2 protein chains.
Amino acid sequence: MGPVEVLTPALEDYLETVFLLVERHKFARVRDIAVERGVKPGSVSPAMKRLADLGLVKYVQREYVDLTETGRVAARRVLARHTVLFRFFRDLLKLPEELSESEACAMEHSLSSATMDRMVSLFEFLDACPQSPDSLLARFHQCPIANADCEDCKPGCEHEGAGVEATNPLSELAAGERGIVVRIGSHGAIRQRLLNMGMLPGTELTVERYAPGGDPVWIRLGTSQVALRRHEADALHVKALAPEIA
Amino acid sequence: MGPVEVLTPALEDYLETVFLLVERHKFARVRDIAVERGVKPGSVSPAMKRLADLGLVKYVQREYVDLTETGRVAARRVLARHTVLFRFFRDLLKLPEELSESEACAMEHSLSSATMDRMVSLFEFLDACPQSPDSLLARFHQCPIANADCEDCKPGCEHEGAGVEATNPLSELAAGERGIVVRIGSHGAIRQRLLNMGMLPGTELTVERYAPGGDPVWIRLGTSQVALRRHEADALHVKALAPEIA
DNA sequence: TTCAATTGTAAGATGTGTCTAACATGGAGG
DNA sequence: CCTCCATGTTAGACACATCTTACAATTGAA
Ligand SMILES: [Mn+2]
Ligand SMILES: [Mn+2]
Ligand SMILES: [Mn+2]
Ligand SMILES: [Mn+2]
């Protein structure tokens, strides 16, 4: 097909950069755009030419770049998406500023209107809901289950003994038994590894067999099999399920 | 630089597809991969060749494609990211299944380990926290503030009169006054438009001036200016701020 | 066994986004 | 007036991801 599409991610980023530069100074120069985007000036010229062809910027070669009205609208949309994601990462998930920035800027290009809408609704709800008065997020941010540092005693969260009722470490399941992942009681590398293998809360698994001594234990996830070390299997909190009715 | 990089998004998607096909049948064929990815077979061959060069798949031309052990690990990682995002969109934000799928598959490629980790923590917290026993999400999903349908009466949420104390529609601000966006009391197209202009909760703005009759009202956001129609300005709930100390 | 349909590969083209290196332009200083 | 330097532009190269179209291999019916 022809170029029926919207802007490419790269062009959206250029547009965003131009918008911010025009806000800061009164115009944007090729040099500054290049610096801002971490790219060589030779890459910027043709990009500006394409944006100009699309009617989004006014590009006077060798002089300056400015946004058209259409361009300003498009840029604001990109920036709004960027901002929603950034706040979600930084303020809700409490990720570092830098990471939040870069990840927002990578994802903004595929964020649909509907999704942005719902994310904003979530913010509005968390702000407004009187039944979790300013505390829900605080509780999340202090919850020992959800935070690596301070393994035990954060005030304001009493999970221990509450949701943990039916939960065992995976290694308490016998060979052949099934379970559903409830949470990963571990942080850092072990957690990473478990998550990357697909051990997400809600995932169903079957214990295939234990090696003698119980150290490697083989787990079936769907049709494929993975091997867990003992300390990984201990970190994995599961709820036992009735045996499979195959 | 050389190819120090990780997999490109397209290759990750191919890998994911191969993984799923191998799970379903016992192997993957070029044809099926092409169908699954919505791409022509002629595009698949070279991609498989590249994955084979990277040691991620075993590719016997004209016969079948299978994953190597390294490939399986990489594929599971992609899939785990996909799944976390998918559940966030579908189960937490309550977006339609289809949208959740496609958006997850677009974003998975730039989801960092740290971010996935924190998203899973959020799930774990919401599941486990005894102080919001299974009800926080339910409250979000029923909250009239956060939902278009049923504008008024959802039981279990009493926002009216609670967080709304210091909030006015934007159109009650006089020219020159400043405010901070608290929420957008509107749904559908109007909301979309306001969000796309950058009117997110927390955004600071200044009322520049009203047209005679008050219909278009000009708002300053940072250094740039936008015009709002009356019904848009009415939908925008703001908290008045002290006048700017410029 | 023979041959048509199915499946896959090769080669060439297009578009995007980047780089580098060579070249152009326009002051500011001499 | 001339020359240098900062800034920009061009052109050529490369990598990726896709498409088409032409050709090859396999398979399963007739
Ligand atoms: Mn971006
Ligand atoms: Mn951005
Ligand atoms: Mn994907
Ligand atoms: Mn995916």
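1. Copies here are superposed by least squares on the C-alpha atoms of residues with pLDDT of at least 70 in both. Done that way, chain B lands on chain A after a rotation of 180° with 0.0 Å of shift along the axis, RMSD 0.0 Å. That is the relation of a two-fold axis. With contact taken as heavy atoms within 4.5 Å, 100% of the contact residues of chain B recur in chain A, so the same surface serves both copies.

2. Some housekeeping: this is a predicted model, where local features need pLDDT of at least 70 and side-chain atom pairs count only at pLDDT 80 or more, while totals for chains, interfaces and linings use all residues. Residues are numbered from 1 along each chain as its sequence is written, chains are lettered from A and ligands numbered from 1 in the order written, and side-chain values use heavy atoms, leaving out hydrogens and water.

3. On to the manganese ion (ligand 2). Its protein donors (N, O and S atoms within 2.8 Å of the metal, or 3.2 Å for Na, K and Ca; water is not among the atoms, so sites may look incomplete) are Glu16(A) (OE, twice), His82(A) (ND1), Cys105(A) (SG) and Glu108(A) (OE, twice), at 2.2 to 2.5 Å. In sequence the donor residues read E-x65-H-x22-C-x2-E.

4. Cys105(A) also bridges this ion to the manganese ion (ligand 1), the two lying 3.6 Å apart.

5. His82(A) and Glu108(A) are both buried, meaning under 20% relative accessible area (exposed is over 50%, partly exposed in between; 1.4 Å probe, protein chains only). Cys105(A) counts as partly exposed, at 21%.
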